[in-house]
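Work through the exercises below with the model open. Try each task before reading its solution.

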Amino acid sequence: MTLSPYFSLTVLFVAALAFGLTPLGLAWLWGRAFSPAKPNATKNAIYECGLESRGDAWMQFRPAYYLYAIIFLIFDVEAVFLLPFAVVFTGLGYAACLSMLVFVLLLVEGLAWAWAKGVLTWE
Amino acid sequence: MKSIEEIKSAIEAAVSGARVGIVPNGSPSGQHSLLLDPQHAVAVAKFLRDDKELQLDFLSNATGVDWLDKEITEKVKVTRPVTKTVDGVDQTMEETVEETRKHVQPGYLEAVYHLYSMARKHGPVILRMRTGNRTDQVELPSLTPVWRSAEFQEREIFDLFGIVFTGHPDLRRILMWDNFKDHPMRRDYVEPDDFEYEPTAHDEVLARAAAHRAARQGSAVAAAEANAGAER
Amino acid sequence: MAVDEKLKIELGKQGVFVTTLQELYNWGRRSSIWPMQFGLACCAIEMIATTMARYDMARFGAEVFRPSPRQADLMIVSGTVTKKMAPQVVRLYNQMAEPKYVIAMGACAISGGPFKQGYNVLKGIDRYIPVDVHIPGCPPRPEALLHAFITLQKKIDEQHLTGEERPPHLDGGAQGEFPVPEYGEHDLEPPSNPGVWPVPITIR
């Protein structure tokens, strides 16, 4: 009798499931035996840094928040690349400088576009 | 910078009808302050900010002062006619007598603003405004439209002293909660009586704790007597 | 349940490790006390220093500061509790999952400290929630916080699983919610929770 090649995989799968579920089951049993649940209104309330929450969390956010995050990336990525560039600047050839210039100009173009669109002014 | 008298006359020349007083400061710093009348305060503030020579563009500090009713005892020299008999002849003579008079100076609340100039690098110029009394006429014009930095400080003055600033864009309490009723920095503020546990009390706290204990024991005695009366 | 201490040491010498369920449980809890991440005033700076490399609270299994009360076991009240802040602190304590412990850190948190006679400072957070360890000091040094932490661990080590002595989180009848004070017109209402803080009797 030859074992199916999947048999060992099944054994491993069951072992993996047991590895995850056994502690959870033990914790549940422990809770049942020793530690009674004490739910109450304050404990189950929505967490709002200690304040009582008002209104619904499912509300629309202004797209300006996301635009700001994206524009922040321009400066962030630029800084990340500019620092090593500046460190080895004296040893670089024309090609490297030119490609860095293109890279920076591409990012500046994005910033200029956002500026022209009026994203930078917060109303 | 101009002296305080020069500023006073400049204000009076620029803002018609403005009454400006000078409150002298006798300390070595000699920082005398200008006492503004509430009706023209905003116009005066605008002048002080926009005037080419003063350019007081920075309000560094706004604060409140509570002045209680004050009983002033002063000795006044009074001249009055006295009839005297000199050499058998009645003569009416003027005589100067010292008299002690007492009068009550009504209390008021005061807002004090310290101004500097960032452009001209001089200062401070100190402004004061006084309310009519401490109870119902507690309104003063807000200087927030002139100096934006006054906003939170005027809210604090409103919260702790109870001066109501008219024209303030957002006059709410800032340190205490909204339905709090008292103004804690007033001198007649009564603290809540939570002196039940003072293990190392001394001075004022000791007195308050003793008063607290006496009141509680007194009420306990009264309750016991009432119970005894009901049983009888 | 209990194992004779001498027998236990003797067995340990022979390479046999004996324990009880209670010891195992307490060991597990005291070695992974996760504090809640919040600071109220200057004591919080010392609390931050305690978690950093020099004092290294991670040695005690408590480096994981949780940003949510649902995952936290320990509330370190680090600093001045103003009357405006007190309801929030009590509500956060209520929202923590059990078992939960409280360390009141610094003079302000235990009694009001230098602001005791002020108009907006609570005279000790123990008026509203049960405090396990009080640390005096203004602010207490990181060593003091570590000492408080070790004291709390010792306290947890001595807890019983069953019986009258068991801690509140194992006791179904024990209080699970502590009333959140309301903002009154002159003071917090009530000014203290008599169930948690009976007025201490001062002997003169």
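Two exercises follow, on a helix pair and on a sheet; the model is predicted.

**Exercise 1. Helix against helix**

Task: Describe how helix 3 and helix 6 of chain C cross, and list the residues that meet.

Solution:
- Start with the descriptors. Two packed helices are described by the angle between their axes and the distance between the axes.
- Take the axes of helix 3 (residues 43-51) and helix 6 (residues 142-157) of chain C. They come within 9 Å and cross at roughly 75 degrees.
- Classify the angle. Values from 65 to 115 degrees count as roughly perpendicular, so helix 3 of chain C is roughly perpendicular to helix 6 of chain C.
- List the contacts. Helix 3 of chain C supplies C:Glu46, C:Met47, C:Ala49 and C:Thr50. Helix 6 of chain C supplies C:Pro142, C:Leu145 and C:Leu146.
- Sort these residues by character. Five are nonpolar, one is polar and one is charged.

**Exercise 2. A sheet and its helix**

Task: Give the strand order of the five-stranded sheet in chain B, find its edges, and place helix 1 of chain B.

Solution:
- Read the order. The open sheet of chain B runs 1-2-7-6-3, with mixed pairing.
- Find the edges. Strand 1 (20-23) and strand 3 (58-67) of chain B each have a single partner strand, so one side of each lacks a neighbour in the sheet.
- Check the twist. From one strand to the next it averages 25 degrees.
- Examine one pair. Strand 6 (residues 108-117) and strand 7 (residues 122-130) of chain B are antiparallel, joined over seven bridges. B:Leu115 has B:Val125 of strand 7 as its bridge partner.
- Place the helix. Helix 1 (residues 4-14) of chain B packs on the sheet and touches strand 1, strand 2 (33-36) and strand 7 of chain B. Its direction makes about 165 degrees with that of strand 1 of chain B.

Conventions. Residues numbered from 1 in each chain as written. Chains lettered and ligands numbered in written order. Predicted model: local features only at pLDDT ≥ 70, side-chain atom pairs only at ≥ 80, totals over all residues. Axes fitted to C-alpha atoms, helices over the stretch in contact; angles between N-to-C directions. Helix = DSSP H or I, 4+ residues; strand = E, 2+ residues; numbered from the N terminus. Parallel < 35°, antiparallel > 145°, perpendicular 65-115°, else oblique. Contact = placed C-beta atoms within 7 Å. Nonpolar A, V, L, I, M, F, W, Y, C, P; charged D, E, K, R; others polar. Pairing = 2+ DSSP bridges.
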